[in-house]
Amino acid sequence: MANKRRPSIVGPDSGPAPPYPYRMEGKVIPGFGRGSKELGIPTANLPVDPALAPWISSVPSGVYLGYASLSLPASSPEASFTAYPMVMSIGYNPFYKNTVRSAEVHVLHEFAADFYGAHMRLLILGFIREEKDYESLEALIEDINFDCHVARRSLAREAWSAESVGDGADWLLKDL
């Protein structure tokens, strides 16, 4: 998958650089209902609460990469607090003309069931691109799919693994 306008890997090979990593956590809440239905890209939404994540008010709107972990019910086939690569959008989603800032996470793993109400932790390791508007739904979907490609390639480097990050990996993977 190539996009001549953007790099397919972001961040230094040596691993995340300050100000990263950022941490965020909370219960997965219902969003606008567009991720799975309209875009074919399911998202988990977390509350944007500066009291819980003070950095969120100062970061630019855009797309970020890192790892997500979830506290899943015992009946789930996936294990709780496993690190899954993720991309997330923090912003207003101008294509949809949102007036409230949101944090929407697309975990790069196919889950057997939805996980509304589950506790999610995020270890945000880097910035992929700024938020932008799109002329069509197809262009938005194409860019999101490329963001996923960038996240997979960027996180595949040894210094970017959840275990290599050091600061934050223990927190990401521990039980509540």
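Two strands are said to pair if DSSP finds at least two bridges between them. In this predicted model, strand E4 (residues 84-91) and strand E5 (residues 102-107) satisfy that criterion with six bridges, and their pairing is antiparallel. Within this pairing, Val-87 stands opposite His-106 in E5. Strands of a sheet pair through backbone hydrogen bonds, either parallel or antiparallel.

The pairing of E4 with E5 belongs to a wider arrangement. The protein chain contains three helices and six strands, and from the N terminus on its elements follow the succession β-α-β-β-β-β-β-α-α. The six strands form an open sheet with antiparallel pairing, in the order E1-E6-E3-E4-E5-E2. Strand E1 (22-27) and strand E2 (44-46) occupy the edges; each has a single partner strand, so one side of each is left without a neighbour in the sheet. On average, and with direction ignored, neighbouring strands of this sheet are turned by 35° against each other.

Strand E3 (residues 62-71) merits separate attention. Its pairing with E4 is antiparallel and runs over seven bridges, with Gly-62 standing opposite Ile-90 in E4. Its pairing with E6 is likewise antiparallel and comprises ten bridges; there, Tyr-67 has Leu-123 of E6 as its bridge partner. How enclosed is E3 by the rest of the structure? Nine of the ten residues of E3 are buried, so the strand is largely enclosed.

A residue of E3 also takes part in an aromatic contact with E6. Tyr-64 and Phe-127 form an edge-to-face aromatic pair, with 5.0 Å centre to centre and 70° between the planes. Tyr-64 lies in strand E3 and Phe-127 in strand E6 (residues 119-130), so this pair ties together parts that are 63 residues apart in sequence. The two partners fall into separate burial classes: Tyr-64 is buried, because its relative accessible area is 1% and the limit for burial is under 20%, whereas Phe-127, at 27%, counts as partly exposed.

The structure holds five aromatic pairs. One of them joins Tyr-20 and Tyr-22 in an edge-to-face geometry, at 5.2 Å centre to centre and with 70° between the planes. Both residues count as buried, Tyr-20 at 19% relative accessibility and Tyr-22 at 13%. Together with Trp-55, Tyr-20 and Tyr-22 form one aromatic cluster.

Strand E5 offers a polar counterpart in Ser-102. Is this residue buried or exposed? At 10% relative accessibility, Ser-102 counts as buried. The side chain of Ser-102 makes a polar contact with the side chain of Glu-104, at 3.1 Å. Apart from neighbours within four places in sequence, Ser-102 is in contact with Val-48, Ser-89, Ile-90, Gly-91 and Asn-93. One of these residues, Ile-90, is also the E4 residue that stands opposite Gly-62.

The totals for the chain complete the account. Of the 176 residues of the protein chain, 49% count as buried. Among contacts between residues at least 6 apart in sequence, 75% join residues at least 24 apart. The protein chain exposes about 9,000 Å², of which carbon and sulfur atoms supply 54%.

Notes. Residues are numbered from 1 along each chain as its sequence is written. This is a predicted model: local features need pLDDT of at least 70, side-chain atom pairs count only at pLDDT 80 or more; totals for chains, interfaces and linings use all residues. Side-chain values use heavy atoms; hydrogens and water are left out. Helices (H or I, at least four residues) and strands (E, at least two) are DSSP runs, numbered from the N terminus. Buried means under 20% relative accessible area, exposed over 50%, partly exposed in between (1.4 Å probe, protein chains only). Contact means heavy atoms within 4.5 Å. Accessible areas come from the Shrake-Rupley method with a 1.4 Å probe; for residues, only the protein chains shown count as cover. Axes are lines fitted to C-alpha atoms, for helices over the stretch in contact, and angles run from 0 to 180 degrees between N-to-C directions. A polar contact is a pair of N or O atoms within 3.5 Å; within protein, one must be able to donate a hydrogen and the other to accept it, and residues adjacent in sequence count only if both atoms are side-chain atoms. Rings of Phe, Tyr and Trp (its six-membered ring) pair if their centres lie within 6.5 Å; planes under 30 degrees apart count as stacked, over 60 as edge-to-face and the rest as tilted.
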